[in-house]
Amino acid sequence: MKKLKNDYLSLMLALFGAAALTLLLYYVLFHFGKVLSGARALMKVWAPFVVGGVIAYILKPTCNSLEAWLTGLLQKPGSKAEVPLDGRGKSSKLAGGLSIALTLVLALTVIAILLILVVPTLLDSIRSVMRLIPSSVQQFSDWLLLYVGDNETLSNYITQFSDGVSTSLPEWLISTVLPNLETLVGGVSSGVASAVNILSNLFLGIIAAIYILGFRKTFARQAKKLNYSVFGKRWSEIILREFRFADRAFSGFISGRLIDSLIIGLICFIGMLILRMPYAVLVSVIVGVTNVIPFFGPYIGMIPSFLLILMVSPVKSLIFLVFILVLQQFDGNYLGPRILGNVTGLSSFWVLFAIITFGGLFGFGGVLVGVPVFAVIYDILRQLVNKGVSYHRAKEAADALSSPAQEQKKP
């Protein structure tokens, strides 16, 4: 009787859950606009936590390394101090707090150094480019006329192009850029409000990141406990294994791309100084930032950089083209594999597929995170396929063993 009641209760709970899910799905499908607006409002409220989560995830590897180093430094050799119920002694707690503080100080120091050293030179380079555009176009046209002076048709085209740019560019600056600047100044109040909102989210995000880094081990234990309570031992271990793979793929890919891009930007800057190229800082920043984008990034940064140098010196632009191609070959064949390894487990074709697919669906954000996301999906599908193949092979082997026995039983 008791078993019958339990079965009846389980059946009722299952029916209630199915009905609730059906009603929820119906509401989402036929009130999608309201659901989407509610989700946007919720994301706006949770923006500081999202920003804090991203900051904490980026800083987590550095924080873990510093905490391990500080724990070994603070803990006395051979000491057997009493460990509290939370599993963390005094030295471990002190190391955790110090590691978070040092990680934030290190990150803010790196950002401040980049802003102080790069931004002023970057702005000067941009102003210089704007001032030199008309004269650079004229110099480039004169250089072309030296080689095609005998061809009257090409000479006329080059002269018309140079005259058109020389006359239309000042008109464009007066008629388009200046009115837009006036509009921008007129709407400064809304711009200030937007800037204040961004800064407040960033400030609250940094505070949230501190708390997330401080409670990251507690959150991990709670998530593991919830996982075991809902899915049981077998499925929870599978889920945890996939989450560990996703963490390795995301953290390894993101940190690897950032370190690789920073090194490539520095090498580009040093090489341009040695080759006495113009706009060394501006071009190096463009090359380093676009190198974060997998596969297409080097070519995206190469094109505008080539055009910038082309306006100053066509010969140096060709030298830069050869230099950047050699640099990208060095990055793709040596530096990138050494830093990144194969953390995603994807071949070049699937990397290209992930970038195009997620970039088309989600824009620039999809381009940046598409590769690790697809790596997780690919790993799940790979394991499902392998389990299916193993199951069918075992089934075929069992059938092969049972078929001779059945034949022997026949008269």
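**Figure 1. The largest pocket of the predicted model****.** This pocket has a volume of about 1,800 Å³. Its lining comprises 41 residues. Val-110, Ile-111, Leu-114, Leu-258 and Leu-262 are the closest of these to the pocket centre. Five elements give two or more residues each to the lining: α3, α4, α6, α7 and α8. In sequence, α4 covers 90–148, α6 covers 188–214, α7 covers 216–274 and α8 covers 280–290.

**Figure 2. Make-up of the largest pocket's lining****.** Helix α4 is the main contributor, giving 15 residues to the lining. By class, 32 lining residues are nonpolar and nine are polar. No charged residue lines the largest pocket.

**Figure 3. The second largest pocket****.** About 860 Å³ of space lies here. The lining of the second largest pocket is built from 24 residues. Closest to the centre are Lys-60, Arg-216, Phe-219, Ala-220 and Asp-247. Helices α3, α6 and α7 each supply two or more lining residues. The largest share comes from α7, with 15 residues. Charged residues are present in this lining: seven of them, alongside 14 nonpolar and three polar residues.

**Figure 4. A nonpolar patch on the surface****.** The patch measures about 860 Å². Nine names make up its roster: Leu-42, Met-43, Val-45, Trp-46, Phe-49, Val-50, Val-54, Ile-58 and Leu-258. Two helices, α2 (32–45) and α3 (47–74), supply at least two residues each. Helix α3 gives the most, with four. Leu-258 belongs to the patch, and Leu-258 is also among the residues closest to the centre of the largest pocket.

**Figure 5. Close-up of Leu-42 in the nonpolar patch****.** Leu-42 sits in helix α2. Its relative accessibility is 40%, so Leu-42 counts as partly exposed. The class spans the range between the buried limit of 20% and the exposed limit of 50%.

**Figure 6. Arg-276 in the loop between α7 and α8****.** The phi of Arg-276 is near 55°. This is a positive value in a residue other than glycine. Most residues other than glycine have a negative phi. Arg-276 counts as exposed because its relative accessibility is 67%.

**Figure 7. Tyr-279 in the loop between α7 and α8****.** Tyr-279 is not a glycine, yet its phi is positive, at about 55°. Here the relative accessibility is 11%, so Tyr-279 counts as buried. Both Arg-276 and Tyr-279 lie in the loop between α7 and α8. Arg-276 is exposed, whereas Tyr-279 is buried.

**Figure 8. Gly-332 and Pro-298****.** Gly-332 belongs to helix α10, which spans residues 314–340. With a relative accessibility of 48%, Gly-332 counts as partly exposed, because exposed residues must be over 50%. Along the chain, Gly-332 and Pro-298 are 34 residues apart. A distance of 9.8 Å separates their C-alpha atoms.

Terms used
Residues are numbered from 1 along each chain as its sequence is written. This is a predicted model: local features need pLDDT of at least 70, side-chain atom pairs count only at pLDDT 80 or more; totals for chains, interfaces and linings use all residues. Side-chain values use heavy atoms; hydrogens and water are left out. Patches are made of residues with over 30% relative accessible area and no salt bridge: like charges are joined within 9 Å, nonpolar side chains (Val, Leu, Ile, Met, Phe, Trp, Tyr) within 5 Å. Accessible areas come from the Shrake-Rupley method with a 1.4 Å probe; for residues, only the protein chains shown count as cover. A salt bridge is a side-chain nitrogen of Lys or Arg within 4 Å of a carboxyl oxygen of Asp or Glu. Buried means under 20% relative accessible area, exposed over 50%, partly exposed in between (1.4 Å probe, protein chains only). On a 1 Å grid over the protein atoms alone, a cavity is a set of points where a 1.4 Å probe fits but cannot get out, and a pocket is an open set with protein on both sides within 12 Å along at least five of seven lines; lining residues have an atom within 4 Å of a point. Grid points are joined across faces, edges and corners, and a volume is the space filled by probe spheres set on the points. Ala, Val, Leu, Ile, Met, Phe, Trp, Tyr, Cys and Pro count as nonpolar, Asp, Glu, Lys and Arg as charged, and the others, Gly among them, as polar.
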